[in-house]
Structures are given as C-alpha cells and as structure tokens.
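Notebook open, model loaded. I want to go through the empty spaces first, then a couple of helices, then one chain as a whole.

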Amino acid sequence: MIRVERDGGVGLLLLDRAAQRNALTPEMLAGLPGRARELAEDCRVVVLGGEGRVFCAGFDLKMCAADSTGGTMRALLAGLAEAIAVLRTLEVPVVVAAHGAAIAGGAALLGGGDVVVTDTHTKIGYPVVKIGVSPAVSAPFLASGVNGGGVRQRLLDPGLIDGAGAHRIGLAHELVAEPGAVRARAVEIARTLASKPGGAVGATRAWLDEIEAGLTPLGAGAAARGLRASLSIAGNEDERARLAQMWGTK
Amino acid sequence: MSELATLELNGGVATLTLRRVGQRNALSVDLLEALHARMDEADAIEGLRVLVVAGEGRAFCAGMDLKQVVVAESGDPGLALRLLSSLGELTLRLRRLPAVTVASVNGAAIGGGCGLSCVCDISVTHEGAKLGFPEVDMGLCPAVVAPWVVRKVGAGMARKILLMGGLIEPGEALRVGLVNELVGSREALDERVGEIAARLADASGHALAATKSLLNELDNSLDAGLIGRGAELSARVLATPEAQAALSARLR
C-alpha cells in the first residue's frame, strides 16, 4: 500500500490504495518511515504523492469504527506523528505532491514536506473535530508554514479550503492549474533540489530545524506534545458514537 | 579612496548608503567595516526615528564578495569567517537600533544583500529589482541570514525559498512577504520610501522604540548566539571542496 519508484536521483514514495482514496491504515503509516529511509539512501530528494484521483482522504475511518477499543485510532495518530517526523528529519529534502484532496491525516502529511505542491481545486482541511478527534497532532507542523491566526482557523473550523486558499495562507508553496500537473511539477522541483552542489541543502535544512525549534517554548518537543494532546482524547465515547453513526455500526 | 558607506541625516531620518558601486555593493570586509563605523554614528544620534538603508547605483547589495571567500583568490582561509561574523553583527546592530529601519531595495538584493533587507523592519522594492538567496546553487549555506528570513516570512516559506535557491520575482517577493511593499519603478521607490520615512519621523520616537523592542523580544531577534553559530556553520560549509569549486566556477 506504499510503493516506491526511482526516477533518476528522485525517489517517489507513493500512497497506493487508490480505490479507498489512499485512506491511511495503521500498516501504511507503520511502513512509511522505512520506505522513506530506503529511498533516502540512494536518492537526493523524495517526492511523497498518492496514486489515483486524490492524494489522501485521511484515516481509514471504517477501520476505526469497527474497533470499539479505540486502538486503531490511537495507532493511526501515533503512526501519523511518526511518519511526519521521519519525513521532516529525513537525510534528503521532501517534496509533497498533493492533488485532488488532502483531508485530515492527508492534510497533516503536508507538514512532512520542505516544499508542498498542490493545484487550484484540491480540497484541503482538518475536519476531524466532526468525529470527536483532536487535530492537535498536526498543529506543530502546520504552525511552521501558516501564521498563528491561520492555524487556529484551520484546526478548529472543520470546513475545507481549496488549493488556492492553501497557497494563500502558506500551507502550500506552489500552485498548478490542474490535479494532473501536480506530480510533474513536484518532480521538477525535486530535480532542482537534487542539482545543488555539495552538502549545502542538508546543512541548510538542519540549520532551519534548529532556528524553528527556537520559535516555540516547547522547542523540538512541540511535535510530541501535539501527539499527546490528540491521544489524550482518542477513543472517547463521543468519537465512538460519531464514527458508529457515520458507518452505521454499533 | 571615497567612502564605502555613508550616513546622511535629514531631520529625524538618517540614510545609510552602501557605496561600493563597481562591485554592485558586494559585501567585502572593507565595506562591512565602513558600515559598522556608520552604525557607530547612527547609534550616537539622539532621537533618531528612522534609518533608511539603500544602495548607491543599480544594485542594493549583491551579497558576499565572492573573491574574498574563495581561498584560491584571497589566499586567506580565515577571511570568510571574519566577513560572515561581521555581517552577522551588522544585522544584529540594525535590529537592535531603536530607530525603525527601512530597506529601500533599489536593485539586486542577493544572498546577504537580501538578508540585509529582511532584517530591516520594513522593506520596499520596485518591479525592476531582483531578490533571492542563490547560496545553495553555489554549495553554500545561507546560515547567517536564515534566522532573519524565518522571522520575515515564517519558517515554512523560508524553508522553500532557501532550499530552492535561485532568484525571486518582485511580485512573488511581495506575495510571500519577503518585501512589504512593491512599487512600479525606481523613481516611485524613492518617493514611497520618502513618504514612509516622513510618516515614521512624525510619530513618537518613544512609541516606535518601545514597539520595536517588544517585537524583538517576541521573536527573540537579539539572540546573538544563533547568529554567531550561523556564521560558523556558513564558513564551515563554504570551506568544503564542493563549495570552493562551485564558487571558483562562478568567478570565471
């Protein structure tokens, strides 16, 4: 369900569960770090994308609804936080190609990219408060690209924005006209990054991490704090009731 | 030799001008020394409200003087760190100055030159200017200016801009907040900066200084350790064979 391809010095890390709109399962998220690291060994840049019509529709909620213990939801939250953290600290830069839709956990994955490409129409948002889940896990990553007011609105308001809106608030860096053009543009950006001489890109990424950690009193611990906040309410009764209602299960 | 940097005072407004015109105001050790000397003068001006930073000629500042940081050219491996440290200290002095700093980006603002624009409280440019951070294109790490770019445009956009290298069109620079205002022409720039400076000079110096000081506290602007470590990192990357080779190729 995670597929890798190599295209010159560019590694493609692809969510490959198109029939389910690349909905994330615990297994996919658990596999993602290893596949990413494997690509980083022999590629100069990694592009994270999704097969099929959309980048990623978020967690597989049907699986969550079927697990009354809340364990699936907790595994997904922890796996998501780990996957984003691994992408951000990967040896090589990461370009995210988000086409069609990047919802909830899918939108959170944008936080793993040094450069995010999307298209005008792509639907993006964190509507998980509707199902009793806290998107706090995304907050530290979202805050690195979007200003404080924008972060509050995006995480608290379950509405979706389009790619143009995401570009305007800094959640995406590059905007193309059509979903079909997103991957090609991401690969083009990856080639630009791969062409830089010596260790300059790696040194600059590491230095930006250090600067960024100094921007919040939580420092490098902000990501762990975000996950803890989401986990602290995961599996609550409200969540179970809302998921059950959504999928007609008990 | 004519002065490499001048400070002119007019009412409550001082203008600090880079004048190394033949080298597109590229930052050499000499130019930086002159800029520090002019900052000593600015620090001594009682009640200074506004400091405009501008470049003489067609460029604002083309960045580091590459001839001084390629060891094969300068013959002095220690020069790069001195230059980078001096630039770092200059940025801190501009940030610490109680007067509001306004960058009048009259032309190319590249690398360290674009960093000088970012450290200013307000930056204005015109459609004919070129901005950007091409350091990674030459195997360099823009570590001294990175904290100022992060504070100016936010961490996410700074990451994209600094890792991608190359140059940025003025319209895109405005969109991402790398500059605060964009006007149509060089002539319009002088007029617009004049208006902004006059408006600031009219305001209460105490209120401006208190506000700037708070803003500096909120984004931890005066963290000198960060800038010092940035200079060391930048010098370390600059000394690698890959960077020296890429720079030498650029000079030929």
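**Pocket in chain B**

I started with the second largest pocket, which comes out at about 580 Å³. This is a predicted model, so I kept that in mind throughout. I counted 31 lining residues for this pocket, and the ones nearest its centre are B:Ala62, B:Gly63, B:Met64, B:Leu66 and B:Met138. Which elements give two or more residues to that lining? They are α2, α4 and α12 (241-251) of chain B. I sorted the lining by class too: 18 nonpolar, six polar and seven charged.

**Cavities**

Next I looked for closed spaces. How many cavities of 30 Å³ or more are there? I got two.

The largest cavity has a volume of about 170 Å³. It is lined by 20 residues, and closest to the centre I found A:Leu110, A:Gly111, A:Phe141, A:Ser144 and A:Gly145. I then checked which elements build the wall, and both chains turn up: α4 (105-109) and α5 (139-142) of chain A, plus α7 (155-164) of chain B, each supply at least two lining residues. The class split for this lining is nine nonpolar, eight polar and three charged.

The second largest cavity holds about 100 Å³. It has 14 lining residues, with A:Phe59, A:Ala104, A:Gly105, A:Val128 and A:Val137 nearest the centre. Here the elements giving two or more residues are α3 (71-88) and α4 of chain A. I noted that α3(A) has the largest share, at three residues. Charged residues are missing from this lining, which has eleven nonpolar and three polar ones.

**Helix α1 of chain B**

I wanted to know whether α1(B), residues 29-44, has the length a helix should have. Its 16 residues should span 22 Å at 1.5 Å a residue, and the end C-alpha atoms sit 23 Å apart, so the two agree.

Which residues of α1(B) are buried? My list reads B:Val29, B:Leu31, B:Leu32, B:Ala34, B:Leu35, B:His36, B:Arg38, B:Met39 and B:Ala42. An α-helix makes a turn every 3.6 residues, so residues three or four places apart point the same way. I also looked up what covers these buried residues of α1(B): the cover includes strands β1 (5-10), β2 (13-18) and β3 (50-55), and helices α2 (66-69) and α4 (79-96), from chain B.

**Helix α9 of chain A**

I repeated the check on α9(A), residues 200-213. It has 14 residues and runs 20 Å from its first C-alpha to its last, close to the expected 20 Å. Buried in α9(A) are A:Ala200, A:Val201, A:Ala203, A:Thr204, A:Arg205, A:Trp207, A:Leu208, A:Ile211 and A:Glu212. I found both chains in the cover over these α9(A) residues, which includes α3 and α8 (182-194) of chain A along with α6 (146-153), α7 and α11 (224-238) of chain B.

**Chain A as a whole**

Last, I stepped back to chain A, which has eleven helices and nine strands. Its radius of gyration is 17 Å, close to the 18 Å that the globule rule gives for 250 residues, so chain A is as compact as a globular protein of that length. Along the principal axes, its C-alpha atoms fill a box of roughly 55 × 40 × 30 Å. I get 56% of the 250 residues in chain A as buried. Finally, I took the contacts in chain A between residues at least 6 apart in sequence, and 72% of them join residues at least 24 apart.

Note on methods: Residues numbered from 1 in each chain as written. Chains lettered and ligands numbered in written order. Predicted model: local features only at pLDDT ≥ 70, side-chain atom pairs only at ≥ 80, totals over all residues. Heavy atoms only, no water. 1 Å grid on protein atoms, 1.4 Å probe; cavity = no way out; pocket = protein on both sides within 12 Å on 5 of 7 lines; lining within 4 Å. Points joined across faces, edges and corners; volume = space filled by probe spheres on them. Helix = DSSP H or I, 4+ residues; strand = E, 2+ residues; numbered from the N terminus. Nonpolar A, V, L, I, M, F, W, Y, C, P; charged D, E, K, R; others polar. Expected span 1.5 Å × (residues − 1). Buried < 20%, exposed > 50% of the residue type's maximum accessible area, 1.4 Å probe, protein only. Contact = heavy atoms within 4.5 Å. Rg over C-alpha atoms; globule rule 2.2 N^0.38 Å.
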